[in-house]
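Here are some reading notes to go with the structure, set out as numbered points. I hope they are handy while you have the coordinates open.

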Amino acid sequence: MTDIPTRRRLPSLDRVKQLPAWSALVAGTFLGGLFGGAYGLLTPPSYTATSYVVAVPAKGATPDAARGFAQAYGRVATQLAVLGDAQVWAGVPVGTLRDSVRTATSPDAPMVSVTATSTRPEEAVDMANAVSRALTRHAEDTQGSTQVRLVQFSRAVKPGGPATTSTALTTLVGASAGGLLGGLALLARPGRGGRGDDPAPAASVPGPAAAADVPR
């Protein structure tokens, strides 16, 4: 009967086991920081600008009515009827306004915030102010039936800096995530604890005890 050849370990696995224990942490931290820094460098900065309009009740209307219409105007601010007029003052297509402008309202105050985001700070300011202007114009057209008018509370101003995360921060986050993954890889490393892949020795089983002589 021929002998069955023993399975040889893969050379790559042996080389992995010979690396220092801290190599996985160093490699993970380095690669994570590299990818995080590249993401921060390749991602263009974005700027945000916000303008505010407030709903004011006319004669005969109540503050609750103003708050209710503020909620309604906040929902229609990004609709085509408003954005179609805003594109004239913003100088950008309607699709850009739809993708770049967001509105928010408060249940406690009759106020609508219009926030625009762009890679250029001046364009963000123009979009936010243009949508606010178009929204107040539409509110004026229906003031006779709603008894509520919108007035501009605060115009958008040029942002002082980008709203995106800095390259230094993305590098730090990437290095932290890479170090965490490296630590997890270290815990799952083959041969952890110096035992290797050798199978544990089989437990010895004692032989049966000799039967005692029974007198006949």
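1. Let's begin at valine 56, a residue of strand β1. Please keep in mind throughout that this is a predicted model. Valine 56 has a relative accessible area of 25%, so it counts as partly exposed, given that buried means under 20%. Its contacts, leaving aside residues up to four places away in sequence, are Gln147, Val148, Arg149 and Val151. You can also check a C-alpha distance here: valine 56 and leucine 150 are 94 residues apart along the chain, yet their C-alpha atoms are separated by 6.1 Å.

2. Staying with β1, this strand covers residues 47-57 and pairs with β3 in the antiparallel sense, over 8 bridges. One pair to look up is valine 53, whose bridge partner in β3 is valine 112.

3. β3 has another neighbour to look at. Strand β2 (residues 101-105) runs antiparallel to strand β3 (residues 111-118), and 5 bridges join the two. Together β2 and β3 make a hairpin, with 5 residues between them. Two facing positions are easy to find on screen: valine 101 is opposite alanine 116 in β3, while arginine 102 is opposite threonine 115 in β3. As background for viewing such pairs, side chains in a regular strand alternate between the two faces of the sheet.

4. Next, a helix pair. Helix α4 (residues 80-90) and helix α6 (residues 121-141) have axes that come within 8 Å and cross at roughly 130 degrees. That angle makes α4 oblique to α6, because only values over 145 degrees count as roughly antiparallel and 65 to 115 as roughly perpendicular. The crossing of α4 past α6 is right-handed.

5. Which residues of α4 and α6 meet? On the α4 side they are Ala81, Val82, Leu83, Asp85, Ala86, Trp89 and Ala90. On the α6 side they are Asp126, Met127, Ala130, Val131, Arg133, Ala134, Leu135, Arg137 and His138. By type, the residues of this contact of α4 with α6 divide into 11 nonpolar, 1 polar and 4 charged.

6. Also in helix α6 is asparagine 129. Is asparagine 129 buried or exposed? Its relative accessible area is 8%, so asparagine 129 is buried, the cut-off being under 20%. Not counting residues up to four places away in sequence, asparagine 129 touches Ser51, Gln152, Arg155 and Ala156.

7. Serine 176 sits in helix α8, which spans residues 167-187. With a relative accessible area of 46%, serine 176 is partly exposed. It is worth putting a distance label here as well: serine 176 and glycine 32 are 144 residues apart along the chain, and their C-alpha atoms are separated by 7.1 Å.

8. Finally, the whole chain. There are 8 helices and 4 strands, and along the sequence they follow the pattern α-α-β-α-α-α-β-β-α-α-β-α. Of the 216 residues, 28% count as buried. Among contacts between residues at least 6 apart in sequence, 78% join residues at least 24 apart. Two C-alpha pairs from the points above can be viewed alongside that figure: valine 56 with leucine 150, and serine 176 with glycine 32.

Technical notes: Residues are numbered from 1 along each chain as its sequence is written. This is a predicted model: local features need pLDDT of at least 70, side-chain atom pairs count only at pLDDT 80 or more; totals for chains, interfaces and linings use all residues. Side-chain values use heavy atoms; hydrogens and water are left out. Axes are lines fitted to C-alpha atoms, for helices over the stretch in contact, and angles run from 0 to 180 degrees between N-to-C directions. Angles under 35 degrees count as roughly parallel, over 145 as roughly antiparallel, 65 to 115 as roughly perpendicular and the rest as oblique. A crossing is left-handed if the near helix is turned anticlockwise from the far one by less than a right angle, and right-handed if clockwise. Contact means heavy atoms within 4.5 Å. Ala, Val, Leu, Ile, Met, Phe, Trp, Tyr, Cys and Pro count as nonpolar, Asp, Glu, Lys and Arg as charged, and the others, Gly among them, as polar. Buried means under 20% relative accessible area, exposed over 50%, partly exposed in between (1.4 Å probe, protein chains only). Two strands pair if DSSP finds at least two bridges between them.
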